[in-house]
Amino acid sequence: MANVPDIKYFDKDFSTLKQNLINYARTYFQNSYMDFSPSAPGNMFMEMASYVGDVLSFYTDTQLQETLLLYAQERKNIIALAYSLGYRPKITSAASVVLDVFQLLPSDASNNYRPDYRYITRISKNSSIKSISQPDITFITQDSVDFSFSSSFDSTDITVYQYYANTTNPQYYLLKKQVEAISGQIQTTTFNFGNPQQFPTVTINDSNIIEVMQVMDSDNNTYYEVPYLAQDTIFDETLNLPINEPNYYNDDSARFLLRLKKVQRRFVTRFDDDNNLMLEFGGGVTSSPDEVIIPNPDNVGIGLVDGISKMNMAYDPSNFMYTNEYGVAPANTTLTVTYLTGGGIKANLPSDDIGLNVFVDSNINNYNIDSSLVNIVKGSIRFNNSLPSSGGGPGETTEQIRLQALANFPTQNRNVTKADYLIRALSMPSKFGYISKAYVTQDYLVANDTDKQNFINNNPLAISLYILSNNIEGKITRASNVVKKNLKTYLSYNKMMSDATIIKDAYYINIKVNFDISVLPAYNSQEVLTKCINALKEYFNISQWQINQPIIYSDIYNLIGSTKGVQSVIKVSVDNLAGGNYSDYSYDILSATKQGVIYPSLDPCIFEVRYPDTDIYGRIVTY
């Protein structure tokens, strides 16, 4: 029986490969070759074979390494792996700022010189404002500014700006709002498309690209950016305005209505390793859009491989023909791409430095007014940043992209766990309605008494999402129906169709806090009392409280007792306030108190000190 050679398959480096080749020759060719000196001809062949083996081993290891995000080194591979995990690398970081926006509003002499709201302006989104000290730096507004709308999260401040001469009658009022803006400049480029081609790709060769703002073809059809081409729905926002009253909103709790819109013209974007932005469009090249194709059982299998055998085929339920399932490809048209560039450290500007109007698109939707006043009102629009801009900087490094992609994967956009629903509800953009508090639980865990709820109750397979909003004074209140509808649409975008989510109103319970303290002799009693009240105001600040959070007496005692100058805390009491300007719901505080803890009700609720200036009261007690 012939000897089977002992071949080692784990050698990788040059020296080990060479030594094993020498050992192999000595073992199996000891009678044929015995000269292993450095100058021997056989040594050259062994070193050449070791060299080739070392190179092949290096490329094998490198290829495997570059397929793993944790170990990849080449930037283009890390970017590709980041996209595969759903993370979009940042090529530049734009500075952000909150701008104060002002406009003059004339008074109405026929209405006791009150503000004449016919001259209310609406400033369009993407208005450009430059820096005063560095005019080459431009900021773009991220939202429209509508002075006709005012709420607790988007208030309109009105003050008298000017009086008529020698009178106390206001001539002009000054209106002030705020809007977020980011640093950047709007750029445009065009691309020509000829005959239809599946999944065409174009590249924007520019630096520091922040985002694509709009893509429109020569027929004024808009293409929409989606995370991936198989996604055919986007969020669509419309002004919450009635038809017969264009200057006033249906509901002061939400300025926009949120809807899901199905789009056939869509594209995805991704950066390459040279920081250029590539746009890829759909693969549909037929003249008929997806929406008009009627599913026909007779057509199932047409155009598919093995189309005759239909028993084990997987079909797109929205399209039996498989024509444009990834969107329509542009053909015989010219696309105009509008995109935003900018960012960088130099965009971090000081306060009162952003105010040069470059392009401000404003309009007044009322034509029964004085045209000269219209020009005055539009000419009075001003911007200013009372706080510095911040956040501008370079793009992410290769290592940062790796770490961000690894962190992004477990926090992908989906609604599965309770925490997912909670974070998603609280992160809904405020222009669709403000959700100040949210609480998630299984529906069967709450009580049967769901007073005044307009949704199906006590579904054992559903999740109950309890929410609360704020009124114009920043106080807790129930969310309006518009906000609930917008939230329902917002949540549906990232949840399974079979998941049931019931949106309900949480309860809010208003309380007052009374306490008695004694003060050390060397301290001013009123100063110590004021410090205690301020400490309780901060403790009961509603922004720090959550639904179903209990009140712990020991925490209040410790807070007051730790205030400098307090000798002892004599008494602390918490009582319920209901009716009038307070909540409609009363609560038995005494029965809900167990061992020094005031527990919330079984129906999710939140405790609120509605008016801290009057509902927190303290006394100095002397012995």
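Ala, Val, Leu, Ile, Met, Phe, Trp, Tyr, Cys and Pro count here as nonpolar, Asp, Glu, Lys and Arg as charged, and the others, Gly among them, as polar. That sorting is used for the pocket below. The model is predicted.

**The second largest pocket**

The second largest pocket has a volume of about 330 Å³. Its lining is made of 15 residues. Closest to the pocket centre are Lys8, Asp11, Asn20, Leu21 and Tyr24. Sorted by class, the lining holds 7 nonpolar, 5 polar and 3 charged residues.

Two helices give two or more residues each to this lining: helix H1 (14-28) and helix H2 (41-65). H1 supplies the largest share, with 7 residues.

**Helix pairs**

H1 and H2 also form a helix pair, with axes that come within 8 Å. Two packed helices are described by the angle between their axes and the distance between the axes. The table sets out three pairs in those terms.

| Helix pair | Axes come within | Crossing angle | Handedness |
|---|---|---|---|
| H1 and H2 | 8 Å | roughly 135 degrees | right-handed |
| H8 and H9 | 9 Å | roughly 140 degrees | right-handed |
| H3 and H5 | 10 Å | roughly 20 degrees | left-handed |

Start with H1 and H2. Their axes cross at roughly 135 degrees. That makes H1 oblique to H2. H1 passes H2 in a right-handed crossing.

Next come helix H8 (residues 525-539) and helix H9 (residues 553-561), with axes crossing at roughly 140 degrees. H8 is therefore oblique to H9. The cut-off matters here: angles over 145 degrees would count as roughly antiparallel. H8 passes H9 in a right-handed crossing.

The last pair joins helix H3 (residues 75-84) and helix H5 (residues 398-408), whose axes cross at roughly 20 degrees. Angles under 35 degrees count as roughly parallel. H3 and H5 are therefore roughly parallel to each other. H3 passes H5 in a left-handed crossing.

**The sheet of 7 strands**

Now the strands. One open sheet has 7 strands, in the order S10-S18-S12-S13-S16-S17-S11. Its pairing is mixed. Strand S10 (185-193) and strand S11 (201-204) are the edge strands, and each pairs on one side only. On average, neighbouring strands of this sheet are turned by 30 degrees against each other, direction ignored.

Inside this order, S12 stands next to S13. Strand S12 (residues 209-216) pairs with strand S13 (residues 222-225) in the antiparallel sense, over 2 bridges. One residue pair can be named: Met216 has Thr222 in S13 as its bridge partner.

**The sheet of 3 strands**

Another open sheet has 3 strands, ordered S28-S31-S30, with antiparallel pairing. Strand S28 (551-552) and strand S30 (593-594) stand at its edges. Each has a single partner strand, so one side of each is left without a neighbour in the sheet.

S30 is joined to strand S31 (residues 597-598) by 2 bridges, and the two run antiparallel. Here Lys594 has Val597 in S31 as its bridge partner.

Terms used: Residues are numbered from 1 along each chain as its sequence is written. This is a predicted model: local features need pLDDT of at least 70, side-chain atom pairs count only at pLDDT 80 or more; totals for chains, interfaces and linings use all residues. Side-chain values use heavy atoms; hydrogens and water are left out. Two strands pair if DSSP finds at least two bridges between them. Helices (H or I, at least four residues) and strands (E, at least two) are DSSP runs, numbered from the N terminus. Axes are lines fitted to C-alpha atoms, for helices over the stretch in contact, and angles run from 0 to 180 degrees between N-to-C directions. On a 1 Å grid over the protein atoms alone, a cavity is a set of points where a 1.4 Å probe fits but cannot get out, and a pocket is an open set with protein on both sides within 12 Å along at least five of seven lines; lining residues have an atom within 4 Å of a point. Grid points are joined across faces, edges and corners, and a volume is the space filled by probe spheres set on the points. Angles under 35 degrees count as roughly parallel, over 145 as roughly antiparallel, 65 to 115 as roughly perpendicular and the rest as oblique. A crossing is left-handed if the near helix is turned anticlockwise from the far one by less than a right angle, and right-handed if clockwise.
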